[in-house]
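Please work through the exercises below with the structure at hand, and try each task before reading its solution.

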Amino acid sequence: MSKNIVKNRAPAPIQISAEQLLREAADRQPESAPIEPVVKVHDAEEYQAHLRERRQHYEDNIRYRRDDIANWIKYAKFEEENQELERARSVFERALEVVSSRSPDLWLRYVELELRNECINHARNILDRAVQLLPRVDRLWYKYAYVEEMVQDISKCRAVFERWMQWLPDDNAWLSFARFETRCGNVEQAEKVLRQYVNAYPSARAFLRFAKWAEFEINNIALARTIYESALTELEPEEVQQARLFRQFASFEERQGEYERARVIYNHALKLLNLEQSAMTDEDISEQEQQKREELYKAYLAFEKKHGNREGIERVLVTQRRVKYQKQVGENPYDYDCWFDWIKLEESQLDNTAATRDVYEKAVAQVPPSSDNKDHWRRYIYLWIFYAVYEELANHDLDRAAEVYQTCLSLIPHKNFSFAKIWIYAAQLQIRRKDVTAARKLFGKAIGLCGKEKIFTEYIALELALGEIDRCRSIYNSYLKAMPHNCKAWSNFAELEKSVGETERCRALFELAIAQPALDMPEVLWKAYIDFEIEEGEGKRARALYQRLLEKTNHVKVWISWAQFEATPAGLGMDESRKIMEKADDQLRKEQLSEERVLLLDAWRVLEQEHGDVDSVSKVEAKMPRRIKRKRMRQDEQGNDLGWEEYFDYQFPDDEGAGANNFKILEMAAKWKAAKANAADDDDSDLDSDDE
């Protein structure tokens, strides 16, 4: 029989979460940590017994965990608190032998023990042993020098620093030695120490610290300037080419009021580091150095803003941005937004026409690679538009602007797509050049190659401004042949004929328009036709149009508009308006259009309030429905039930059938429920009175 028995891996009937486990563990924890009992000592014998017990406890801890320095420190602190200094020293000595003599923390705790008990010589001996064993640990040397300076033994403190400097520590150690000598009043000795420091570490950082000490701590400006100059001449080229060195040197001269010297330093840095070109984005330098160079350039700009002239700072800024744009378009020549920014920069400069045109020519030369996708051309087309506008407005060269438009139109693949904006702008430019014939040719060509609605409307607006009505009619004919479904075009054409007094032509256009088999907005067209007949005083024609429109559609707004028209002085009066409303109400009730009936009754009530009396208004209000909430099953596209949803419906007073009966039953049920609730309240009040 096989030993590989398949276990039941089904989930347990009762699942336990991680949160429950953590909560149970927290509940089982003791409420508070055990408090050690307070030991009361009555005589010397009990005191010694207590000490033996505690020492045995510490010895056991040390025996169990010999490498734990904290146990040794606690043991020594216990002996110190009980005035057993020799025993505390013995504990530290044992720790240094047993645990590790390479632990700086252990040596420092040993020294602090001796200092707390004012045993200075013991502390010196311990520190001397420590620095001999661990000469690379700066904390021990700092502590050693601090102890010697604290007891005001200047010669021994200097000897400690000199011993330390033989190990060539870091920068802060040399500065600490120099500051010690400065506090003692030995400025020359401090300068000598820092000179040894820069000789030991010939770097820009060492020279900058030396110069900063000379400027701020001993206020020796000449020495600081000499140090900066020595850094530029004595250091290696890779150390000199650090932006931090030039920035601090220039800031030093600026603080001293030597603005010309600071400017010379900045200019020297710009040439040496080549900041105006591509050095700020050079891949050969580190990211940190690149950031420092950018900060140097910003510092130079800030300096020029404070102490320079406007032309100089603008020149620097323009050069920087121009280099940035050159790099971006070099990486991605189809980044048209970057081309726009570069063009805007060049246009902002005075007397810079040649450079601006050169940038425009480079930009428009980057033709989109795809001639099938119009989205790739949208931003590119605006380069040509801006180019033409620049030539027209900035250079007042209309001929060159016209050439720009012609070149652009020759590049666009009109078989795939076109841009009405270019055609319109090019034609409008010809108008400004007073060449109407060229503008008409452009519009005619645009109609053939592009044929968009905007071109027709602009061409008509041009001819209408020139007073050429016959040309407008001809353009409208082409417009309607191309777009017979456009109701706006039919309305505008009819409005044109109406404006010139051609009433019959206008009516014929409306008749022709409403006879079209397909229209995009027929309601606009019918409204315009009806308004036209009303304005002409042709009430019969307007009424006939309403009747014809209702044969096509039974929309409630048509009924409302017709009734409102009859209520006006041009109509047959309020009686006819009521007949129309009643007929519309009957029609909508038969079609069970509740929402439309509500709109109709609202409009009818407003109409009666304006032109009727109190009785007529009350009759309409009696027809107003009640708004009730109902439920229905919501279904998806496949007919599956998704659940019940609530919706609002209208219950009209004149509704008959099961709906009205159900509504009456619900109303009676609500009344019965309210009566039952009132009876229950009365019974409760009687019981309360009996209890009293």
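The exercises that follow treat confidence, one helix and several charged pairs.

The model is predicted, so that local features are taken only at pLDDT of at least 70 and side-chain atom pairs only at pLDDT 80 or more, while totals for chains, interfaces and linings use all residues. Residues are numbered from 1 along each chain as its sequence is written, and side-chain values use heavy atoms, with hydrogens and water left out.

**Exercise 1. Determine how pLDDT is distributed and which stretches stay under 50.**

Step 1: pLDDT, the predictor's confidence in each residue, runs from 0 to 100; its mean over the chain is 83, and 91% of the residues reach 70 or more.
Step 2: Residues 277-283 stay under 50, yet the model gives them 13 contacts beyond four places in sequence, where a contact means heavy atoms within 4.5 Å. Residues 685-692 are also below 50, and they have zero contacts beyond near neighbours in sequence.
Step 3: Where pLDDT is low, the predicted coordinates should not be read in detail.

**Exercise 2. Compare the span of helix α16 with the expected value, and find how Lys306 is paired.**

Step 1: Helices are DSSP runs (H or I, at least four residues), numbered from the N terminus. Helix α16 covers residues 287-307, 21 residues in total, and reaches 30 Å from first to last C-alpha, close to the 30 Å expected at 1.5 Å a residue, the expected span being 1.5 Å times one less than the number of residues.
Step 2: Lys306 meets Glu254 in a salt bridge with N to O at 3.1 Å; the term stands for a side-chain nitrogen of Lys or Arg within 4 Å of a carboxyl oxygen of Asp or Glu.
Step 3: Because Lys306 lies in α16 and Glu254 in α14 (residues 243-255), the pair ties together parts that are 52 residues apart in sequence.
Step 4: Lys306 counts as exposed at 58% relative accessibility, whereas Glu254 counts as buried at 16%; buried means under 20% relative accessible area, exposed over 50%, and partly exposed in between (1.4 Å probe, protein chains only).

**Exercise 3. Are Glu79 and Arg55 buried or exposed?**

Step 1: The two residues form a salt bridge, with the closest N and O atoms 2.9 Å apart. Glu79 belongs to helix α3 (residues 69-81) and Arg55 to helix α2 (residues 44-64), 24 residues apart.
Step 2: Glu79 has 1% relative accessibility and is therefore buried, and Arg55, at 11%, is buried as well.

Key: Helix = DSSP H or I, 4+ residues; strand = E, 2+ residues; numbered from the N terminus.
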